Amino acid sequence: MILIFGGVYQGKLCYAEDRFGDTRTIVNDVDKWLLSLIQDGKDVSEEISRFFDENKDAVVICNDISCGVVPIDPVLRKWREDVGRFMAQAAEKADEVVRLFCGIPTRIK
């Protein structure tokens, strides 16, 4: 697995498509998928485990939502926490981790 993360609209998907093209499956917007799981009342940890089992060779793209003001809304706080936990687990499992900022990739693992 390759994890690419960074802020919204920083060029993560373009970078992934340019670098990996048709050679790997690209899974984009994992953070939005996690929010939908929470809103649907699903077991997030179980779904994350399944995700890792099914996407071992994928390029996984996730928006970093850890910066800024902590949301007042309990659902959004849970979402922020679950995204952080997902990214920590993904980074541990990944062969490579890339952070994109202003379109500039920085390999951190």
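So, what percentage of the 109 residues in the protein chain do buried residues make up? The answer is 39%, where buried means under 20% relative accessible area, exposed means over 50%, and partly exposed is in between, with a 1.4 Å probe and protein chains only.

Quick housekeeping. This is a predicted model, where local features need pLDDT of at least 70 and side-chain atom pairs count only at pLDDT 80 or more, while totals for chains, interfaces and linings use all residues. Residues are numbered from 1 along each chain as its sequence is written, and side-chain values use heavy atoms, with hydrogens and water left out.

Okay, overall layout. The protein chain has 4 helices and 5 strands; these are DSSP runs numbered from the N terminus, H or I of at least four residues for helices, E of at least two for strands. Reading from the N terminus, the order is β-α-β-α-α-β-α-β-β. The C-alpha trace spans about 35 × 30 × 20 Å along its principal axes. For 109 residues, a compact globule would have a radius of gyration near 13 Å, and the 14 Å of the protein chain agrees with that. That radius is taken over C-alpha atoms, and the globule rule is 2.2 Å times the number of residues to the power 0.38.

About 6,500 Å² of the protein chain is exposed, and carbon and sulfur atoms supply 51% of that; the areas come from the Shrake-Rupley method with a 1.4 Å probe, and for residues only the protein chains shown count as cover. As for contacts, meaning heavy atoms within 4.5 Å, take those between residues at least 6 apart in sequence: 67% of them join residues at least 24 apart.

Now the sheet. It's an open one of 5 strands, in the order E2-E3-E1-E4-E5, with mixed pairing. E2 and E5 are at the edges with a single partner strand each, so one side of each has no neighbour in the sheet. Two strands count as paired if DSSP finds at least two bridges between them. E2 and E3 run parallel, joined by 2 bridges, and valine 27 has valine 60 in E3 as its bridge partner. At the other edge, E4 and E5 pair in the antiparallel sense over 4 bridges. Those two strands form a hairpin with 2 residues between them, and cysteine 102 in the turn has a positive phi of about 55°. Keep an eye on arginine 107 in E5, the bridge partner of valine 98.

On to helix H3. Which residues of H3 are buried? They are Val44, Glu47, Ile48, Phe51 and Phe52. Looking down the axis of H3, these fall within an arc of 140°, so they line one face of the helix; the arc is that of the directions from the helix axis to the C-beta atoms. What do they pack against? Strand E2 (26–27), helix H2 (30–39), strand E3 (59–63) and H4. Asp53 and Glu54, on the other side of H3, are exposed.

Last topic, salt bridges: a side-chain nitrogen of Lys or Arg within 4 Å of a carboxyl oxygen of Asp or Glu. How many does a search of the whole structure find? It finds 7.

One of them is in H3, where arginine 50 pairs with glutamate 46, with the closest N and O atoms 3.5 Å apart. The two are 4 residues apart in H3 (residues 44–54), so about one helical turn separates them. An α-helix has 3.6 residues a turn, so residues three or four places apart point the same way. Arginine 50 is partly exposed at 36% relative accessible area, and glutamate 46 is partly exposed at 44%.

In H4 (residues 74–93), arginine 85 and glutamate 81 are also 4 residues apart, about one helical turn. Their closest N and O atoms are 2.4 Å apart in the salt bridge. Arginine 85 is partly exposed at 48%, and glutamate 81 is partly exposed at 42%.

And back to arginine 107: its side chain meets glutamate 96 in a salt bridge at 3.7 Å, N to O. This pair links distant parts of the chain, 11 residues apart, with arginine 107 in strand E5 (residues 104–107) and glutamate 96 in strand E4 (residues 96–101). Arginine 107 is exposed at 55% relative accessible area, whereas glutamate 96 counts as buried at 10%. Salt bridges with shared partners join Arg19, Glu96 and Arg107 into one network.
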